[in-house]
There are 2 protein chains.
Amino acid sequence: VTIALKDIEAAAVRLRGAAIVTPLLESPALNETIGGRVLVKAENLQRVGAFKFRGAYNRLSQLCAAQRQRGVVAYSSGNHAQGVALAARLVGTPALIVMPSDAPAVKIEGTRRLGAEVVFYDRTRENRESIAQSIARAREAVIVPAYDDPDIIAGQGAVGLEIVDQVRALATHADMVVGPVGGGGLMAGVSTAVKALSPATAIWGVEPEGFDDTRLSLAAGERRPAPPHPRSLCDALEAPMPGVLTFPLLARHLAGAVAVSDEEVEAAMRFAFFVLKLVVEPGGAVALAALLARKIDTDGGTAVIVLSGGNVDPALFARVIQASG
Amino acid sequence: VTIALKDIEAAAVRLRGAAIVTPLLESPALNETIGGRVLVKAENLQRVGAFKFRGAYNRLSQLCAAQRQRGVVAYSSGNHAQGVALAARLVGTPALIVMPSDAPAVKIEGTRRLGAEVVFYDRTRENRESIAQSIARAREAVIVPAYDDPDIIAGQGAVGLEIVDQVRALATHADMVVGPVGGGGLMAGVSTAVKALSPATAIWGVEPEGFDDTRLSLAAGERRPAPPHPRSLCDALEAPMPGVLTFPLLARHLAGAVAVSDEEVEAAMRFAFFVLKLVVEPGGAVALAALLARKIDTDGGTAVIVLSGGNVDPALFARVIQASG
């Protein structure tokens, strides 16, 4: 199983009219700060506040009538949950989501508001995959993985097609595309699309410190877990290991991966608040953090960064924007 | 002195490459909440975080060499201050801004960071116009008014040209355009552009409660002050009376004006945070507030709302997003 440009193009056709074509923003103040041109793909402005809707809708819109009747099951810390919940509502199928009990409240509420049933698990003691599988078996429901699924990867890849189109519309060329990597679904899809259409563009992944399994796996040439680590501010990016399907795509396409600290992520969230006027969640801010912290050097060129989500609890956001940088 | 479409078109040419063509965003969740189609003109994503840069740059880019050498003086609660400061830096002229000592810190710091000199006055005891005039006389500097100036109005009007273009690109028609009114510069310019190109579009102004001088003036058919009122959450919209130049344009073009309460403004800021993922300041949120509070009925049609600014102190923003609506 692999994912090719044509799969992503087919996904983009399915997403037409359902997903938002998010803007590619430019801020002279950000350009000046980085020294070069930075184009901001604002997927925090996507439906449900994260790119995750794209993959979920691409998968669920292909369910047959019998599958739609039985429903879908997913497990997610929150953004995939909301993406599946909205896609399920739009295609008319019941959705049950297994979520950690300590997921951000804004993500739990968002998932419920969209009509999904939420089942909690204890992150420290229980295995969400086995909970989801036993529920899915009982209901004969389809499991919708968060990243390791060809239709999910292809749907997220539509972000890459839009980037290529939008960069062309500006009559310029992207020297690099930088985005977050958790399980790798977003950047597996984005890198496949961008490399097919713009081979000279370098693709970089960004992970939170302590969850840099992709960086370690790229170095090893095979999937490797990161050493055990308590938590990251980036609740959306705590995947323990790259996916079986996502890793080969990342390994083929990525120039590299870097890790950013919680402090660097907070500084990026503040920059987004004060300068860009965008609400970005921790996991959604890692690409901006990598540029601001000079973990990735754009060398005066044109970089596209993906701000992948904006679902952040108000108490956390309030703390971050009131802290001094 | 009046402002015509050709003046706004000339301003738009001057702004090309200097101002950001801000996106016209759409959120299915907002459409569903209002019942109809709402297109969001995100001028909070403009340089300095507010539309005010447009008018300031249109004015300052026309200074002659001698004027540029002597500099400019402005008075402003903050967004015009930052717009003038950035425009002055870009055209290479010194700027001095008279600001109230209780202006939002984010606006004072932003103005200073852009290289402008800031002189404070006491809002309750001093007259900012006379302070600015005596400084300008001493320096032979040009005063840049915040709204009552043909070049300022024409520059802000470029927002209206972009709205018309962007609505056309969506192959639709705007039934109404709704935006904030303080001194009236933005909506005088926007209404002139929109009415010239799309006469059937209704234009609505929104003011904060207690500062509804435009609503009162439209009813009276002449400029009227609002009765004295302590303060509004909308620091950007506390103008005491419509302008000499702006009022005739507002009177000719507006279908009406409505007032929104601080509570309605806070609810709109929360909606922008939770759903739109945009940082909007109180004065920038009044048009959204008017729709959410059903002060203006879009009747299932297509409404364009202008989110005019995003410069808000983090402590205020933190309080608003953590309050229950």
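**How chain A meets chain B**

Student: What makes Glu32(B) and Arg89(A) a salt bridge?

Tutor: The closest N and O atoms of Glu32(B) and Arg89(A) are 3.1 Å apart, and the term asks for a side-chain nitrogen of Lys or Arg within 4 Å of a carboxyl oxygen of Asp or Glu, so the pair qualifies. The model is predicted, with local features needing pLDDT of at least 70 and side-chain atom pairs counting only at pLDDT 80 or more, while totals for chains, interfaces and linings use all residues, and side-chain values use heavy atoms, without hydrogens and water. Residues are numbered from 1 along each chain as its sequence is written, and chains are lettered from A and ligands numbered from 1 in the order in which they are written.

Student: How many salt bridges lie between chain A and chain B, and how many does the structure hold over all chains?

Tutor: Two join chain A and chain B, and the structure holds 40 over all chains. One of these is formed by Glu162(A) with Arg54(A), their closest N and O atoms being 2.8 Å apart. That pair links distant parts of the chain, 108 residues apart, from helix H8 (residues 150–169) to helix H3 (residues 52–60) of chain A.

Student: Why are H14(A) and H14(B) called roughly antiparallel?

Tutor: The two helices, each spanning residues 314–322, pack at an angle of about 175°, with their axes 9 Å apart. Angles over 145 degrees count as roughly antiparallel, and H14(A) and H14(B) are therefore described in that way.

Student: Which residues of H14(A) and H14(B) meet, and how do they divide by polarity?

Tutor: Among them are Phe317(A), Ala318(A) and Ile321(A) on one side, and Phe317(B), Ala318(B) and Ile321(B) on the other. The residues of this helix contact divide into 10 nonpolar, two polar and no charged.

Student: What does the contact take from each chain, and what area is buried?

Tutor: Chain A gives 27 residues and chain B gives 27 residues, where contact means heavy atoms within 4.5 Å. About 2100 Å² is buried between the chains, and carbon and sulfur atoms give 70% of that area.

Student: Which element gives the most to the side of chain A that touches chain B?

Tutor: H14(A) does, with six residues. The elements giving two or more residues to that side also include helix H2 (28–34) and helix H12 (262–276), and the residues of the side divide into 17 nonpolar, five polar and five charged.

Conventions. Axes are lines fitted to C-alpha atoms, for helices over the stretch in contact, and angles run from 0 to 180 degrees between N-to-C directions. Helices (H or I, at least four residues) and strands (E, at least two) are DSSP runs, numbered from the N terminus. Angles under 35 degrees count as roughly parallel, over 145 as roughly antiparallel, 65 to 115 as roughly perpendicular and the rest as oblique. Ala, Val, Leu, Ile, Met, Phe, Trp, Tyr, Cys and Pro count as nonpolar, Asp, Glu, Lys and Arg as charged, and the others, Gly among them, as polar. Buried area is the accessible area (1.4 Å probe) that two parts lose on being put together, summed over both.
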